[in-house]
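Q: I'd like a close look at one part of this model, with its surroundings added step by step. Please keep it friendly, since I'm new to this.

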Amino acid sequence: MKKFLVLTILIAQVVLFSCQPKEKKLPRVAIAGLAIESSTFSPAQSDIDAFQARRGDEIFSYYPFMADTAPDRSRAEWFPTLRGHAIPGGIVTREAYETLVGETLDRLRENLPYDGLFFDIHGAMSVVGLDDPEGDFITRIREVVGPETMISTSMDLHGNVSKTLARYSDLITCYRLAPHEDALESKQRALENLFDRMESGLGKPKYKAWIPVPILLPGEKTSTRIEPGKSLYAQVQPLTEQEGVIDAAIWIGYAWADEPRNHGVVMAYGDDKEAVSFAAEQLANSFWNVRNEFEFVAPVASLEECLDTAIAFKGQPFIISDMGDNPTAGGAGDVTWTLTEILKHKAFSSENGPSLIYASIPGPDLVAKAVQAGVGGKVSGYVGAIVDDRFAPPLKLTGTVKAIKQGDKNAETEVVVQAGSVQVIVTKKRKPYHYEKDFTDLGLNPRKTDIVVVKIGYLVPELYNMRAGWLMALTPGGVDQDLERLGYKRINRPMFPLDKDMTDPDLNAQLIPLADEALK
């Protein structure tokens, strides 16, 4: 009787245990990526320090939606490896690329296997001796993680999607706004698409449609603030809501690299072959059909015309974009041509002239002298043209030190030197000036300044909202907006707008093999 009672209790415990809900096993998800825009038309080169790489858990700081208490953080067992994000610049050295990629692969090997991988890149990285760095990077990742791991690739719409990148990505998406006010939203969408497929058990999408569109245009002509970009990108979301489509995207591509992969691309993916193909073809044809309608997001003119207009303008500030050397598009950021012309202009020769802020020019030697002289001291030295002296030599700047700031993560040290009515921001290392705080931290008030000249193309939101007037200057540099002056030799031709009379291209969807099939 006693043995029977013990057996009955044991059976009851087994039944009770089996009826309790089992703890859900979280997917194992890695994070990796390198992001930079690199101009092959600039003499500059980007080294390993430019990427300011984060490793391990510090990678989470890139993403507010992966903060400790964020819902997405609890949806996986995480294995962040290495992610680097560089200010756009020149071509990346092969040593820097191999070092960063090699470390990423080593870190991935430490915690195999993975259910998913969040591959967060820009898509316009150029590397010495490589035509398709992102394609090379993901191929080498696949060799480590294998074909089963589901990879979700997140990109900038100014990136390039080669067939290789499309093949080894299971899910792929990009921003839908330029300027990129939806960057974090897009990255989160790419990650949550990955979670949705893993958690639902649906696995990898069955179909990926890829269509190359032979258009190569700068971002300054394809902003989604204005037509036709605004309406073109508005078509994306409704198509993703069709049954059988997970996501779709339009890549404008990157105009300042001379590589075969540089052109527009449209992709869609999902589980319904016809729906995926239709979505991609709809977007590709819409893109091609409006190719002649793209115009600069703001009026463009020569620098001389811009200055004359700004001087006569009533209101503050009048902003001039020094486009040709825009560091956030891949310019060296140290071309002195524009600043030289400004300082030669009679209107700015006296302190009583129109107030003008120039942001910015690297000049480490002058910065050192300014720090030594202190605020209020006089300083004289050369700035700029250390990297790119093709259009103007180093500029001798003489003036009064108005401000000194140390500790910036990009510039390291910033000084303001006044010459006539021009206040020049000189940096130890190049830095873009996008935010009002960048100026006010230096004691400058751009809202109360007549003219603000920034090395930028289309204005980022804070500057855009600040402007009273705005012109984009057609200035020289590694990201010259006059694409015909660049002298492409290796892109696929014909290409619009370089070949304006080209015949209509084949815009039928090309179905890309799944990574599982591609690796067989």
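A: Let's get some vocabulary out of the way: Ala, Val, Leu, Ile, Met, Phe, Trp, Tyr, Cys and Pro count as nonpolar, Asp, Glu, Lys and Arg count as charged, and the others, Gly among them, count as polar. Keep in mind, too, that this is a predicted model.

Try those classes on the second largest pocket, a space of about 240 Å³. Its lining divides into nine nonpolar, two polar and five charged residues. There are 16 lining residues, and those nearest the centre are Leu217, Lys221, Glu484, Pro497 and Lys500. By class, Leu217 and Pro497 are nonpolar, while Lys221, Glu484 and Lys500 are charged.

Now for the part I'd zoom in on: strand 15 and the cavity beside it. The count of cavities of 30 Å³ or more comes to one, and the largest cavity holds about 50 Å³ of space. Around this cavity you'll find Pro327, Gly333, Ser360, Ile361, Pro362, Thr427, Arg430, Lys431 and Lys455. Sort them by class and you get three nonpolar, three polar and three charged residues. Strand 15, which runs through residues 356-362, gives the largest share of that lining, with three residues. Those three are Ser360, Ile361 and Pro362.

How enclosed is strand 15 itself? A residue is called buried when its relative accessible area is under 20%. Seven of the seven residues of strand 15 are buried, so the rest of the structure largely encloses this strand.

Next come the partner strands. Strand 15 runs parallel to strand 19 (residues 422-427), and six bridges hold the pair together. Pick out Ile361 and you'll find Val426 as its bridge partner in strand 19. Remember that Ile361 also lines the largest cavity. Strand 19 adds to that lining as well, through Thr427. Strand 15 has another parallel partner, strand 20, joined to it by four bridges. There, Tyr358 has Val453 as its bridge partner.

Helix 9 (residues 303-312) comes into the picture here too. Its residues Leu303, Cys306, Leu307 and Ala310 are buried. Those four sit on the same side of helix 9, because they cover an arc of only 95° around the axis. What do the buried residues pack against? Strand 15 and strand 20 (451-454) are among their contacts, along with strand 13 (300-301), strand 14 (318-322), helix 10 (337-344) and strand 21 (469-473). Turn to the other side of helix 9 and you meet Glu304 and Ala312, which are exposed.

For contrast, peek at a sheet elsewhere in the model. Four strands make an open sheet in the order 11-12-10-22, with antiparallel pairing. Strand 11 (245-251) and strand 22 (510-511) are at the edges with a single partner strand each, so one side of each has no neighbour in the sheet. Strand 11 pairs with strand 12 (residues 264-270) over six bridges, in the antiparallel sense. In that pair, Val245 stands opposite Gly270.

Back to our main spot, then: strand 15 pairs in parallel with strand 19 and with strand 20, the buried residues of helix 9 pack against strand 15, and strand 15 gives three residues to the lining of the largest cavity.

Note on methods
Residues numbered from 1 in each chain as written. Predicted model: local features only at pLDDT ≥ 70, side-chain atom pairs only at ≥ 80, totals over all residues. Heavy atoms only, no water. 1 Å grid on protein atoms, 1.4 Å probe; cavity = no way out; pocket = protein on both sides within 12 Å on 5 of 7 lines; lining within 4 Å. Points joined across faces, edges and corners; volume = space filled by probe spheres on them. Helix = DSSP H or I, 4+ residues; strand = E, 2+ residues; numbered from the N terminus. Buried < 20%, exposed > 50% of the residue type's maximum accessible area, 1.4 Å probe, protein only. Arc of directions from axis to C-beta. Contact = heavy atoms within 4.5 Å. Pairing = 2+ DSSP bridges.
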